[in-house]
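Please study the sequence and the structure below before attempting the exercises. Each task is followed by a worked solution.

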Amino acid sequence: MVEVKSLVMAIISFFIQGEVPLVSTDTVFFVDVESKTIAIEQHNLSTIKGQEEAATVGLKLAMEQTSLDDSLQGLTLISKKIYEKDNTLNATIKLSYNSIKYITSLGFHLNTDGTYAYYKNNTIELLTDNGVEEEHQYNFKADQNIKFKITPIIYKDVKLISLAPAWNKKQY
C-alpha cells in the first residue's frame with residue numbers, strides 16, 4: 001500500500017514540506033470521477049496554544065504557493081481558499097487529474113480489477129455508498145464518486161485552540 005499522505009494537514013502538505021503545528025478537526029475528501037476533480041475541505045483549523053505564530057506563518061506560506069509539491073505529479077491545482085465560518089478557520093483545496101492513476105499520490109492504491117482502495121482505519125467515515133469495507137481497506141469502483149470524512153485522533157492532554165483569532169489578527 002502506498003504511504004498515506006496525511007489529509008489532516010492537506011492544505012500545508014500539498015505545498016510545503018516540514019513541520020507546521022496545524023490540524024483540522026475533520027477533513028472531507030471528495031473524488032468526482034466525472035469532472036476528474038478532487039475537493040478537500042478542512043474544518044476548524046487549530047493549533048496548540050503558543051504555536052499560533054508558527055501555524056499562521058506556515059498556512060500563509062502554503063497559500064502563497066502556486067505549484068504543488070513534487071510528490072503530487074499528475075495532479076493540478078484548480079483553487080484553494082481559507083475562510084471563516086462560525087468562528088472557525090476552514091480551508092478548501094480543489095485539484096484535477098487526467099487519469100485515475102494519479103490519485104495514488106494521495107494514498108489510494110489501484111487494484112488489478114479496476115477498483116481503487118484506501119487504507120481503512122477507525123478515523124474514516126464513508127459518506128457515499130460507493131465503498132466496500134474490507135479488513136484493512138475500503139475498495140471503491142473507479143467509475144463512481146467517493147466521499148469520506150477523516151477525523152484525527154487527538155489525545156486528551158493536547159489542548160487545541162482555533163487558529164481563527166490568530167489568522168484574523170494578522171489579517172492575511
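The exercises that follow concern a predicted model.

**Exercise 1. Overall architecture**

Task: Determine how many helices and strands the chain contains, and in what order the elements run.

Solution:
- Step 1. Counting the elements gives 3 helices and 11 strands.
- Step 2. Read from the N terminus, the order is α-β-β-α-β-β-β-β-β-β-β-β-β-α.
- Step 3. The chain has 172 residues, of which 42% count as buried.
- Step 4. The accessible surface amounts to about 9400 Å², and carbon and sulfur atoms hold 48% of this area.
- Step 5. Among contacts with a separation of 6 or more, 61% come from residues 24 or more positions apart.

**Exercise 2. Strand S4 and its partners**

Task: Establish which strands pair with S4, in what sense, and over how many bridges.

Solution:
- Step 1. Strand S4 covers residues 88-97, and 8 of its 10 residues are buried, so the strand is mostly covered.
- Step 2. One partner is strand S2 (residues 37-48), which pairs with S4 in the antiparallel sense over 6 bridges. Within this pairing, glutamate 41 has threonine 92 of S4 as its bridge partner.
- Step 3. Another partner is strand S3 (residues 75-85), antiparallel to S4 over 10 bridges. Here threonine 76 is matched with serine 96 of S4.
- Step 4. S3 and S4 form a hairpin with 2 residues between them. In the turn, aspartate 86 has a positive phi of about 55 degrees.

**Exercise 3. The nonpolar cores**

Task: Identify which residues of the largest nonpolar core touch the most other members, and which elements give two or more residues to the core.

Solution:
- Step 1. The largest nonpolar core has 25 residues; Phe14, Val31, Ile38, Phe108 and Phe148 touch the most other members.
- Step 2. Two or more residues of this core come from each of strand S1 (23-32), S2, S4, strand S6 (115-119), strand S9 (137-141) and S10.
- Step 3. A second core, separate from this one, has 12 residues, including Leu45, Leu59, Leu89 and Ala164.

**Exercise 4. Salt bridges**

Task: Find how many salt bridges the chain has, and describe where the partners of each lie.

Solution:
- Step 1. The criterion is a side-chain nitrogen of Lys or Arg within 4 Å of a carboxyl oxygen of Asp or Glu. The count by this rule is 3.
- Step 2. Glutamate 64 and lysine 60 form one of these salt bridges, with the closest N and O atoms 2.3 Å apart. The two residues are separated by about one helical turn because they are 4 residues apart in helix H2 (residues 52-64). Both are partly exposed, glutamate 64 with a relative accessible area of 46% and lysine 60 with 30%.
- Step 3. Glutamate 133 and lysine 120 form another, and their closest N and O atoms are 3.2 Å apart. This pair links distant parts of the chain, 13 residues apart: glutamate 133 is in strand S8 (residues 132-133), and lysine 120 is in the loop between S6 and strand S7 (124-126). Glutamate 133 is exposed at 51% relative accessible area, whereas lysine 120 is partly exposed at 22%.
- Step 4. Lysine 149 and glutamate 125 also form a salt bridge, the closest N and O atoms being 3.8 Å apart. Lysine 149 belongs to strand S10 and glutamate 125 to strand S7, so the pair ties together parts 24 residues apart in sequence. Lysine 149 is partly exposed, with a relative accessible area of 24%, and glutamate 125 is partly exposed, with 41%.

**Exercise 5. Two aromatic residues**

Task: Decide whether phenylalanine 30 is buried, partly exposed or exposed, and make the same decision for tyrosine 155.

Solution:
- Step 1. Phenylalanine 30 lies in strand S1. Its relative accessible area is 26%, so phenylalanine 30 counts as partly exposed.
- Step 2. Leaving aside neighbours within four places in sequence, phenylalanine 30 is in contact with Thr37, Ile38, Ala39, Asn145, Ile146 and Lys147. Phenylalanine 30 and isoleucine 146 are 116 residues apart in sequence, yet their C-alpha atoms are 5.8 Å apart in space.
- Step 3. Tyrosine 155 lies in the loop between strand S10 (146-150) and strand S11 (160-162). With 59% relative accessibility, tyrosine 155 counts as exposed, since exposed means over 50%.
- Step 4. Tyr155 joins Ile48, Ile153, Ile154 and Val158 in a nonpolar surface patch of about 470 Å².

Terms used:
Residues are numbered from 1 along each chain as its sequence is written. This is a predicted model: local features need pLDDT of at least 70, side-chain atom pairs count only at pLDDT 80 or more; totals for chains, interfaces and linings use all residues. Side-chain values use heavy atoms; hydrogens and water are left out. Patches are made of residues with over 30% relative accessible area and no salt bridge: like charges are joined within 9 Å, nonpolar side chains (Val, Leu, Ile, Met, Phe, Trp, Tyr) within 5 Å. Accessible areas come from the Shrake-Rupley method with a 1.4 Å probe; for residues, only the protein chains shown count as cover. Buried means under 20% relative accessible area, exposed over 50%, partly exposed in between (1.4 Å probe, protein chains only). Contact means heavy atoms within 4.5 Å. Two strands pair if DSSP finds at least two bridges between them. A nonpolar core is a set of buried Ala, Val, Leu, Ile, Met, Phe, Trp, Tyr and Cys residues joined through side-chain atoms within 4.5 Å.
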